[in-house]
Amino acid sequence: MPVILKLLLQRVSLGILLLFLVSILIFAGTIILPGDVAQTILGQSATPEALANLRRELGLNDPPATRYFNWVGGVLQGDLGTALTSGQDIATAISSRLWNTLFLAFWAAVVAIPLAIFLGLVAVRYREKWPDKIISAGTLASVSLPEFLIGYILMFVLGVQLGWFPSTAIGYRPDAALSDKLYAISLPVTVLTLVVLAHMMRMTRAAILNVMQSAYIETAELKGLSMFTIIWRHAFPNSISPIVNVVMLNLAYLVVGVVVVEVVFVYPGMGQYMVDHVSKRDVPVVQTCGLIFAAVYILLNMIADLVAILTNPRLRHPK
């Protein structure tokens with residue numbers, strides 16, 4: 001078997017194993033939560049007989065191992081279960097919410113990735129000069145603030161005081177025109193961009209500076225090439241592997257870490273859906289949302305690992 005195919009199969013197998021272990025943690029974390037699901041659904045005035053009947057219907061009396069394998073078996077068959085509070089099919093309810101979350105993360109990535117690479121190139125070009133210092137200070141300030149604080153500041157300044165953008169995304173409609181949807185999510189996209197921009201920019205800068213110490217860079221300088229040409233044509237292509245890794249990690253964060261941003265801006269995505277059902281102790285919904293977030297995070301990290309293997313020969317031949 002070719003070495004590269006063997007490494008790819010190993011990464012995929014590890015990803016599947018990791019998702020299985022995460023599913024156990026998600027299930028264990030939901031069943032050890034304090035409180036009674038049946039009591040939450042029926043209310044404080046429910047009779048003991050009604051509570052006992054509901055627990056039996058929901059399978060809450062079964063052993064945890066039986067409940068876990070029933071849940072995982074249903075997921076493998078495409079059955080995500082039914083929401084306890086609304087009786088709605090979870091797969092149907094999540095499909096549109098997941099698309100909304102991916103739409104928000106996509107446009108944040110469209111803005112953040114090119115901007116981070118551009119700022120990283122500028123920082124390298126003007127290393128230790130005022131553009132580099134301003135970019136580094138700005139990105140450090142953005143990454144030091146929690147996203148909910150950035151969201152509330154932008155909401156107050158740009159949404160309430162200046163009125164340039166809607167202060168919440170409650171007006172977002174999936175069937176609206178693209179321009180209307182982008183206008184509705186302008187502030188959430190800005191917050192997500194500021195949150196992930198710093199990490200990607202600083203990794204781009206560090207990766208390129210590491211390559212700039214190579215002998216062939218010195219040769220290019222002796223040939224009289226401009227610094228920007230050296231960075232763009234020689235340093236950047238050879239530092240693409242760590243840059244791709246950090247981009248994929250931040251893409252995973254964009255999909256998984258939108259929970260806080262969606263709650264702040266009342267955006268109808270997966271994060272808002274999960275938080276709503278956490279307060280209702282709707283365990284099947286929480287388990288499904290957690291498993292989807294974990295699967296997306298593991299998948300994007302696995303893609304980053306595979307890209308690193310394909311672009312770096314040293315990873316294919318570790319000896």
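Is F103 buried or exposed? In this predicted model, F103 has a relative accessible area of 8%, and because buried residues are those under 20%, F103 is counted among them. The ring of F103 is paired with that of W107: the two centres are 6.3 Å apart and the planes stand at 70°, so the arrangement is edge-to-face. Both residues belong to helix α5, where they are four residues apart, about one turn of the helix. W107, however, has a relative accessibility of 23% and therefore counts as partly exposed.

The setting of this pair can be described through the protein as a whole. The protein contains 16 helices and zero strands, and buried residues make up 42% of its 319 residues. When contacts between residues at least 6 apart in sequence are considered, 72% of them join residues at least 24 apart.

The largest nonpolar core has 67 residues, and those with the most contacts inside this core are M200 and F265. Two or more residues of this core are given by each of α5 (90-125), α7 (147-161), α9 (186-211), α11 (227-238), α12 (240-256), α13 (258-264), α14 (270-279) and α15. The largest share, 16 residues, comes from α5, the helix that also holds F103 and W107. For M200, once neighbours within four places in sequence are left aside, the residues in contact are A112, I113, A116, V246, V247 and N250. A second core, separate from this one, consists of nine residues and includes Y68, W71, L291 and A294.

Aromatic pairs were also examined, and the count comes to six. One of them joins F20 and Y68, whose rings are 6.4 Å apart from centre to centre with 65° between the planes, an edge-to-face arrangement. Since F20 lies in helix α1 and Y68 in helix α4, this pair ties together parts that are 48 residues apart in sequence. The two partners fall into separate classes of accessibility: F20, with a relative accessible area of 39%, is partly exposed, whereas Y68, at 7%, counts as buried. Ring pairs also link F20 and Y68 with F27 and F69 into a cluster.

Attention may next be turned to the pockets. Rolling a probe the size of a water molecule over the atoms shows where empty space is left. The second largest pocket holds about 310 Å³ of space. Its lining is made up of 13 residues, of which L19, S23, V75, L76 and L291 are the closest to the centre. Helices α1 (3-31), α4 (64-76) and α15 each supply at least two residues of this lining. By class, the lining has 11 nonpolar residues and two polar ones, with no charged residues. L291, which is among the residues closest to the centre of the pocket, is also included in the second core.

Helix α15, which spans residues 283-311, can be followed through two of its residues. Q287 lies in this helix and is buried, with a relative accessible area of 5%. Not counting residues up to four places away in sequence, Q287 touches I26, F27, T30 and W71; of these, F27 belongs to the aromatic cluster and W71 to the second core. Further along α15 is L306, which counts as buried at 19% relative accessibility because the cut-off for that class is under 20%. The C-alpha atom of L306 is separated by 8.5 Å from that of L7, although the two residues are 299 apart along the chain. Apart from its neighbours within four places in sequence, L306 is in contact with L8 and R11.

Finally, the region around helix α14 can be considered. In the loop between α13 and α14 is V266, a residue other than glycine whose phi is nevertheless positive, near 55°. V266 is partly exposed, with a relative accessible area of 36%. Within α14, the residues M270, G271, Q272, Y273, M274 and H277 are buried. The helix is followed by R281, whose phi is likewise positive and near 55°.

Definitions and conventions:
Residues numbered from 1 in each chain as written. Predicted model: local features only at pLDDT ≥ 70, side-chain atom pairs only at ≥ 80, totals over all residues. Heavy atoms only, no water. Buried < 20%, exposed > 50% of the residue type's maximum accessible area, 1.4 Å probe, protein only. Contact = heavy atoms within 4.5 Å. 1 Å grid on protein atoms, 1.4 Å probe; cavity = no way out; pocket = protein on both sides within 12 Å on 5 of 7 lines; lining within 4 Å. Points joined across faces, edges and corners; volume = space filled by probe spheres on them. Nonpolar A, V, L, I, M, F, W, Y, C, P; charged D, E, K, R; others polar. Core = buried A, V, L, I, M, F, W, Y, C linked by side-chain atoms within 4.5 Å. Phe/Tyr/Trp six-rings, centres within 6.5 Å; stacked < 30°, edge-to-face > 60°.
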